[in-house]
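Reader: I should like to learn how to read the features of a model such as this one. Could we take them in turn?

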Amino acid sequence: MKREIIKTLDGSTTIHLSEWNESYHSKHGAIQEAKHVFIKNGLALFDNNPVSILEIGFGTGLNAFITFLESQNKKQKINYTGVEAYPVSAEELLAMNYVEELESLEFHNIFEKMHKSEWDKEIEICDLFSLTKRKQFFDEINDFEIFDLIYFDAFGYRVQPELWSTEIFQKMYNSLKPNGVLVTYAARGVVKRSMISVGFTVEKLAGPPGKREMFRAFKKT
Ligand SMILES: C[S@@+](CC[C@H](N)C(=O)[O-])C[C@H]1O[C@@H](n2cnc3c(N)ncnc32)[C@H](O)[C@@H]1O
């Protein structure tokens, strides 16, 4: 599938798949979306407490890098697992401008380290942040109650409806600890129904710039 690097409206880059007319991030702003959906409405719920995060779709590592920056700011211990079946190429990563756009040049080596680190092995990126990149398909996930927070960042329902199914959300529910939280940029009724049917309590929140709504789901026990 043809892949091209494009700039989103906040100046940050993303990868666009023209055949699907689908991007890795919102065209209204990749960084803006990541901060709003995953940090403000996800990570921030945990204050400064240690958090274990599962990311569905590691992709360019933008969410992981922004989460790393938060861990530095707040001195918060984070254990991050990113699942990805189709890693982004080294060439594409070089074209991503997240380090510059996030004004974090002092951490450019960290973004590189995240991408160069071995797959399927826990790597200590620094004393506060450990990363495990799992080269795995989402339907192969079989964890039980080990994560506090899930960043559900699969491609949209329009192009990959099978990833928004009850089967996948059941796996997400199982992998969360009691009272765990899942956040996603999506806001379709069909997605909400899948989440509710496996036991999640779902709320609708205001979306990032350019998107009206998004979902946050809780494993309430
Ligand atoms: C929306 S992008 C994720 C963007 C990413 N969070 C970031 O910050 O760059 C969705 C990701 O899911 C991956 N993916 C698609 N289908 C998958 C599957 N069945 N199993 C695992 N990964 C998959 C894609 O390769 C892509 O990297």
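Author: The dialogue below treats a sheet, a ligand site and two loop residues. Please keep in mind that the model is predicted.

Reader: What is the order of the three strands in the open sheet, and how do they pair?

Author: In general, strands of a sheet pair through backbone hydrogen bonds, in either a parallel or an antiparallel manner. Here the open sheet of three strands runs in the order β1-β2-β3, and the pairing is antiparallel.

Reader: Which strands stand at the edges?

Author: The edges are formed by β1 (3-7) and β3 (22-23); each has a single partner strand, so one side of each is left without a neighbour in the sheet.

Reader: How many bridges join β2 to β3?

Author: Strand β2, residues 13-17, is joined to β3 by two bridges, and the two strands run antiparallel. For histidine 16, the bridge partner in β3 is serine 23.

Reader: Let us turn to the ligand. Where does the ligand sit, and how many residues surround it?

Author: The ligand occupies the largest pocket. It is surrounded by 21 residues, of which the closest are Glu55, Gly57, Thr60, Glu84 and Asp153. By class, the shell around the ligand comprises 10 nonpolar, eight polar and three charged residues.

Reader: Which atoms of the ligand are paired with histidine 25, alanine 85 and phenylalanine 138?

Author: A polar contact is read here as a pair of N or O atoms within 3.5 Å. In the case of histidine 25, an N or O atom of the side chain is 3.0 Å from an oxygen atom of the ligand. With alanine 85, a polar backbone atom is 3.3 Å from a nitrogen atom of the ligand. For phenylalanine 138, a backbone N or O atom lies 3.1 Å from a ligand nitrogen atom.

Reader: How much of the accessible area of the ligand does the protein cover?

Author: On its own, the ligand has 600 Å² of accessible area, and the protein covers 96% of it.

Reader: Finally, the backbone angles. What is phi of aspartate 47, and what is phi of aspartate 120?

Author: For aspartate 47, phi is near 50 degrees, a positive value in a residue other than glycine. Aspartate 47 belongs to the loop between α1 (30-40) and β4 (51-56). Aspartate 120 also has a positive phi, near 60 degrees, and is found in the loop between α5 (108-116) and β6 (122-126).

Terms used:
Residues numbered from 1 in each chain as written. Predicted model: local features only at pLDDT ≥ 70, side-chain atom pairs only at ≥ 80, totals over all residues. Heavy atoms only, no water. Pairing = 2+ DSSP bridges. Helix = DSSP H or I, 4+ residues; strand = E, 2+ residues; numbered from the N terminus. Near = heavy atom within 4 Å. Polar contact = N/O pair within 3.5 Å; in protein donor to acceptor, adjacent residues only side chain to side chain. Areas by Shrake-Rupley, 256 points an atom, 1.4 Å probe, with all protein chains shown as cover. 1 Å grid on protein atoms, 1.4 Å probe; cavity = no way out; pocket = protein on both sides within 12 Å on 5 of 7 lines; lining within 4 Å. Sits in = over half its atoms within 2 Å of the grid points. Nonpolar A, V, L, I, M, F, W, Y, C, P; charged D, E, K, R; others polar.
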